Amino acid sequence: MTLSTIGMAASEIAGLVRSKQVSAVEVVQEHLAFAASHDSELHSFIDITDEAALSAARVVDEKIARGEDPGSLAGVPIALKDNLVTRGQATTCASQILKGWKPPYDATVVEKVREAGAVALGKTNLDEFAMGSSTENSSFGPTRNPYDLQRVPGGSSGGSAAAVAAKLSPLALGSDTGGSIRQPAALCGIVGVKPTYGLVSRYGLIAFASSLDQIGPFARSVKDSALLLQVIAGHDPKDSTSLESPAPDLLAGIERGVEGLRIGVIEELIDGVAPKVGEALLEAANSLGAQGAKIEHVSVPAVKYGLSAYYLIAPAEASSNLARYDGVRYGLRVEGQDMNETYVKSRTKGFGAEVKRRIMLGTFALSSGYYDAYYGKAQRVRTMIINSFQSAYNHFDVLLSPTTPTTAFELGAKVSDPLSMYLSDICTIPTNLAGHPAMSLPYGQGENDMPIGVQVLAPALGEVNMFRVARALELGAPVISRKLFWE
Amino acid sequence: MVESSSSSPSQSEFIPGWEIVVGLEVHCELKTNTKLFCGCANAFGREPNTSVCPVCLGLPGSLPVINEHAVELAIRIGLALNCKVDESIFHRKNYFYPDMPKDYQISQYEKAINENGYLELPLSKKRVRIERAHIEEDTGKTTHVGGDGGRIHGAIHSLVDYNRAGIPLVEIVSAPDLRSAEEAREYVTELRAILVASGASDGKMEEGSLRVDANVSVRRSGSAEFGTRCEIKNLNSLRSLVRAIGYEAQRQVELIESGNAVVQQTRHWNEDQGVTTAMRSKEEAYDYRYFPEPDLVPLAPSAEWITEIGSRIGMMPSDRRERLISMFETAPSGSTFDQIVTAVSLGLDDLVTGAVRNGADARLALARAANEVASDIDHLANINPKTFGELIRMEAGGKLSATQAKKVLGTMLESGEGPQNVAESLGFEALDTSIIEGFVGQVIAASPKEWERFAAGEDQLAGFFVGQVMKLSKGKADGKIVTAILRSKRS
């Protein structure tokens, strides 16, 4: 192999592999070696599955040798957030409670990327059970921001974001319940997409909050993110909440520009963000205006209540989803004198502090006598948010906001203050409550030259316009001047 | 299992000055091929943990997908119980127990698929209100090893079989409209008949296809207020149901009469000792933290589908009883009506009507079905309306005595052979009338004095002559025919 594929776009790698200019095995070997030499500092992976990756790469090469179609992601390395189940490979959710568990099946998205020829390098770090905004809640230790190892990569999909940003992998999958793809994408200076709820099958995604969870792509370009989303989108009979309608063609219109599109800047989400983050957003809006879009400010008043509603609904669902980790069937068991003591001891030892906090919060919110005041009311707020967005989308094709209120913060800065940590997701949460798509892409730099993310929001199944706008923004975005930790 | 529906009041059923109030929750396993939310086989009696997958084991990342056939069977039950079938949603019922893989059960809580129906009791025609009949998943089965009679108390360890986890159930909840243990039995018997007739369940209580929880309270006769109730869990036979209600009512009356109060409790029925014991009180009751199941979408059966399902439901027990009743010239009552109820509840009515179409006598066919066939119901497949009808004709025509006919029927059920062959091989071939006449002649000749007295009107001597003929014929003569010949010779 004469050329290096490190840092190359996924679409380019697939093209080279398909045209036999480079083999899938060569691509994967190079990425495995690169990850081996850099991930000790970054800690983006929990587990790098070298052997499985190489044998999967060989399968792709054999397909090509036989003249079969190897798929649109032929030979492209991909990193999988470790809450996606992989057959026969440890899947931990970064929790001690799943210690030793090897799933007997693959998540639907894992099957889909494999069928498209992508090669999984391994499982990436996350906040335990995807609960957190910095990846510091991992029981395997934190992941670092590839632009500054003293800062967090965001979370909960911090491992996937950092791996892609640091060029350890061109693509990654994450999950987004309240911003867990978009927020780390913003903090790491890459593209992250939360698709419409139901566009991507959740089968095999270990649930945090079922009505909000959605799997989505990380990439270093808008096009690569659309390419990966195209592969994983579509109806799955194994997921009852998966949409019946076929996934739209996301790449076809991506270069059409924004001429004539109506784009609204959400007023409520500019208030209170760091000055440079606000400025970057306005610059981004101006850039779209210069390309022919109609830009206006719009009020979506209900988004202000998103955070409060989210921190009732998500923990409530989590308290039920995480009940099964009881030491009886798999994972960690700490024996007690009787059944109840075994439950208590296993769960006390197996879960970290943030997970316990949310289980308790959710259990309380669902308790008899409190249900209406908490969970019931939060569901009504959710309806309000959907209606509020709907009014805005009556006048606008897409909306813009910052992805996060600040750039990446230092490790440990918010660990002791859960509320300030929760506020990191204030701009991303309303989208999950509405079930709409939204994505983050880098636009400018803030404090210490750390990357800033801009969020593009669209109505349900509005991915085509969302990618068009994101692509136009990408064309006008300044290049990130700050160097990666290994550069 | 055969239990006559005729009342045999037990002493516990009637407590002077008191009234028993019972509401029943009947869990019915649906006769689907696969489980409620996955493709695993819905099979009884397999090796433990061989009919399981990531979904019914509740493995991390798995998701439920509703089984359409289960919904159809649930709708059949709703229609058969005169319920309103409507859009419904699933809820999660959260509590920790090892036999529940997810530590929550997917059930219906606020909006059940079937609501506000009724069941009409066959004897009294009383309507028992059905509050709801909702869909839910079954749990696995826990076996406690080393304890007291399989109970958790003192057990060394427990084994869980998840084959049953995720089997579709419909829970049928009655209003507290039943007023005695016997009425509760009548209700369950009729409900079982409806479930079997609608094709939704095999109705086998002994295999756990039907499980009953009884809410029991007592109040002074004439009182309009309900007393405090106790729920008795998992009554697995009609006998247990009747005994448990009787015991529990007696216990509550004794408590109140001795100046104590009934405490709202969930109680366990101990079959061996014939008593109920406390499991947990209201204060210890679980907070199930119900909330809408986010992994499933609302169930919205279309009106067309419901109509179509309704058109495919088989005849209901009340219609089946009417069909049997119509075979009699005068409306049957007493034991014949009981036999009709039994035949229908065990699904034997097609056998009876088929036999009658083949020329059999209705009353005799019904009696043999409700008694002899019912007591060997597992071998029902060995007979059919034709062979059964032929047997009834042979008995009615005097070719077989009643005792012989019962024996032949028993052998038919065991072997599947036809009545002619069985009768022959048992040596029951009825004798030709001319041969019997010959025996009668011999007996008269041998006992001329007795014959003179019989001819003069001493009727009780008939037995003597019949006995003598039986001896000569080695028991093959039909007593009724012998008597008839004797009478004809006298005149």
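Colleague: What covers the buried residues of α4(A)?

Modeller: The cover includes α3 (50-65), β2 (77-81), β4 (171-175), β6 (215-219) and α7 (222-232) of chain A. Helices (H or I, at least four residues) and strands (E, at least two) are DSSP runs, numbered from the N terminus. This is a predicted model: local features need pLDDT of at least 70, side-chain atom pairs count only at pLDDT 80 or more, and totals for chains, interfaces and linings use all residues. Residues are numbered from 1 along each chain as its sequence is written, and chains are lettered from A and ligands numbered from 1 in the order in which they are written.

Colleague: Why is helix α4 of chain A called mostly covered?

Modeller: A residue is buried if 20 or more other C-beta atoms, placed from the backbone, lie within 10 Å of its own (exposed: 12 or fewer; partly exposed: in between). In α4(A), residues 108-115, 6 of the 8 residues are buried: Thr108(A), Val109(A), Val110(A), Lys112(A), Val113(A) and Arg114(A). After α4(A) comes Gly117(A), with a positive phi near 95°.

Colleague: What makes α1(B) roughly perpendicular to α4(B)?

Modeller: Helix α1 (68-80) and helix α4 (303-312) of chain B pack at about 70°, with axes 10 Å apart. Axes are lines fitted to C-alpha atoms, for helices over the stretch in contact, and angles run from 0 to 180 degrees between N-to-C directions. Angles under 35 degrees are roughly parallel, over 145 roughly antiparallel, 65 to 115 roughly perpendicular and the rest oblique. Therefore α1(B) is roughly perpendicular to α4(B).

Colleague: Which residues make that contact of α1(B) and α4(B)?

Modeller: Two residues are in contact if their C-beta atoms, placed from the backbone, lie within 7 Å. From α1(B) come Glu72(B), Ile75(B), Arg76(B) and Leu79(B), and from α4(B) Ile306(B), Ile309(B) and Gly310(B).

Colleague: What makes a set of residues a nonpolar core?

Modeller: The members are buried Ala, Val, Leu, Ile, Met, Phe, Trp, Tyr and Cys residues joined through C-beta atoms within 7 Å. The largest core has 164 residues, and Ile78(A), Val119(A), Val456(A) and Val469(A) touch the most other members. Beyond four places in sequence, the contacts of Val456(A) include Val398(A), Leu400(A) and Met466(A). A second, separate core of 102 residues includes Val128(B) and Ala181(B).

Colleague: How many residues does each chain give to the contact of A and B?

Modeller: Chain A gives 32 residues and chain B gives 24. On the side of chain A that touches chain B, α9(A) gives the most, with 3 residues.
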